[in-house]
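Trainee: I have a structure open in front of me and I'm not sure how to read it. Could you walk me through it, one feature at a time?

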Amino acid sequence: MKIDLNSDMGEGFGPYRLCDDEAMMKLVSSANIACGFHAGDHDTMARMVRLAKANGVGIGAHPGLPDRAGFGRREISFQADELRQQMLYQLGALIAIARGEGMTVCHLSFHAAMGNMVNRDPVLADVMMSAVFSVDPKLVVFVTPGSEIDRAARRTGLKTLALFLADRAYDAKGGLVARGLPGALVKDEVSVRTRVRRFLKEQTVETIDGAIIPMPARSILVHSDTPGSLELAGIVRSEILASGAILAPASELAS
């Protein structure tokens with residue numbers, strides 16, 4: 001079985017770095033690169049692309065809202081076409097930088113509030129997925145299983161790859177427990193190993209209230225801004241390899 005391990009990367013700007021991107025790039029098979037709105041800039045994006053190229057890692061765009069102060073996690077009211085243009089601006093920037101380095105952007109993964117807003121509105125989801133398709137119909141879209149983005153991408157003809165978030169708690173409906181609530185972040189080694197083993201063996205996850213629900217995903221995400229993210233990614237990678245699975249980038253797994 002092939003499994004993708006991905007992380008949101010390049011989420012600093014200028015001289016400021018959120019995590020050790022160089023070390024993280026040696027652990028993952030796909031990198032979601034911040035495109036300059038919630039984080040990142042032209043130099044950081046180029047550095048991430050070069051690191052990915054050197055390590056054989058697939059690259060994807062990680063567009064977010066234009067809100068550095070809130071790290072793209074605060075919802076801001078925009079018209080659908082404004083969100084569309086924001087996403088296209090960021091996707092286009094990374095595509096150009098990647099081409100300049102002899103690399104291809106293969107996937108897209110929404111960041112935080114932008115993704116939440118799209119996932120609540122099927123009409124907006126269709127607008128955004130149609131825009132992605134118009135740029136590159138071969139792009140893979142990272143999704144939550146059964147979400148509005150998932151359904152819209154499939155309606156549009158885009159391939160998708162479902163995510164399992166190893167470092168975030170789920171509720172009984174398969175949604176993420178809101179950040180800031182007790183237990184929302186899963187950081188200790190025993191819990192992470194247990195969750196990843198269950199996912200790899202059964203494709204299920206234990207919710208925050210103890211229920212067991214399906215998790216039909218093929219990619220595991222570790223957030224680079226989670227405290228101890230590098231160690232967490234190492235734990236996840238070791239469990240993937242111990243299970244006999246093979247790490248592969250998103251472009252090889254999407255359907």
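Mentor: Happy to. Let's begin with T44, which sits in helix α2, residues 42-55. Keep in mind that this is a predicted model.

Trainee: Is T44 buried or exposed?

Mentor: Look at the relative accessibility and compare it with the cut-off: under 20% is called buried. T44 has 5%, so it counts as buried.

Trainee: And which residues is T44 in contact with, leaving aside its neighbours within four places in sequence?

Mentor: They are G10, G12, F13 and G14.

Trainee: Next, cysteines. How many disulfides does the structure hold?

Mentor: The general idea is that a disulfide is a covalent bond between the sulfur atoms of two cysteines. Here the structure holds 0 disulfides. Take C19: the nearest cysteine sulfur belongs to C35 and is 16 Å away, and C19 is in no disulfide. For C35, the nearest one is the sulfur of C106, at 14 Å, and C35 is in no disulfide either.

Trainee: Are C19 and C35 buried or exposed?

Mentor: C19 has a relative accessible area of 16%, so it is buried. C35 is buried as well, with 4%.

Trainee: What about strands? Which strands does β3 pair with?

Mentor: Work through the partners. On one hand, β2 (residues 30-34) and β3 run parallel and are joined by 5 bridges. On the other, β3 (residues 58-62) pairs with β4 (residues 105-108) over 3 bridges, also in the parallel sense.

Trainee: How does the chain get from β2 to β3?

Mentor: It passes through α2, and that β-α-β crossover is right-handed. Further along, β3, helix α3 (residues 80-100) and β4 make another β-α-β unit, which is right-handed too.

Trainee: Which residues stand opposite each other in these strands?

Mentor: Follow A61 in β3. A61 is the bridge partner of I33, and A61 also stands opposite L108 in β4. G60 has its own match in β4, namely H107. Then L108 takes you onward, because its opposite number in β5 is V141. β4 and β5 (residues 140-143) run parallel, joined by 2 bridges.

Trainee: How do I think about the two faces of a strand like β3?

Mentor: In a regular strand the side chains alternate between the two faces of the sheet. For β3, G58, G60 and H62 are on one side, with I59 and A61 on the other, and they are all buried, so both faces are covered. Since 5 of the 5 residues of β3 are buried, the strand is largely enclosed by the rest of the structure.

Trainee: After β3 there's a loop. Where is D67 found, and is it buried or exposed?

Mentor: D67 is in the loop between β3 and α3. Its relative accessible area is 6%, so D67 is buried. Leaving aside neighbours within four places in sequence, D67 is in contact with F37, H38, G72, R74 and I76.

Trainee: And Y89: buried or exposed?

Mentor: Y89 lies in helix α3. With a relative accessible area of 58%, Y89 is exposed. Now try it against C35: the two are 54 residues apart in sequence, but 8.8 Å apart in space, C-alpha to C-alpha.

Trainee: Last topic, pockets. How much space lies in the largest pocket?

Mentor: Rolling a probe the size of a water molecule over the atoms shows where empty space is left. In this model, about 940 Å³ of space lies in the largest pocket. It is lined by 39 residues, and the closest to its centre are N116, N119, T144, L165 and L176.

Trainee: Which elements give two or more residues to that lining?

Mentor: They are α4 (112-119), β5, α6 (148-156), β6 (159-165), β8 (212-214) and β9 (219-223). α4 gives the most, with 5 residues.

Trainee: Which residues of α4 are buried, and what do they pack against?

Mentor: For helices in general, there are 3.6 residues a turn, so residues three or four places apart point the same way. In α4, the buried residues are A113, M114, G115, M117 and V118. Those buried residues pack against α3, α5 (122-135) and α6.

Terms used. Residues numbered from 1 in each chain as written. Predicted model: local features only at pLDDT ≥ 70, side-chain atom pairs only at ≥ 80, totals over all residues. Heavy atoms only, no water. Helix = DSSP H or I, 4+ residues; strand = E, 2+ residues; numbered from the N terminus. Buried < 20%, exposed > 50% of the residue type's maximum accessible area, 1.4 Å probe, protein only. Contact = heavy atoms within 4.5 Å. Disulfide = S-S within 2.5 Å. Pairing = 2+ DSSP bridges. Right-handed = clockwise from strand over helix to strand, strands pointing away. 1 Å grid on protein atoms, 1.4 Å probe; cavity = no way out; pocket = protein on both sides within 12 Å on 5 of 7 lines; lining within 4 Å. Points joined across faces, edges and corners; volume = space filled by probe spheres on them.
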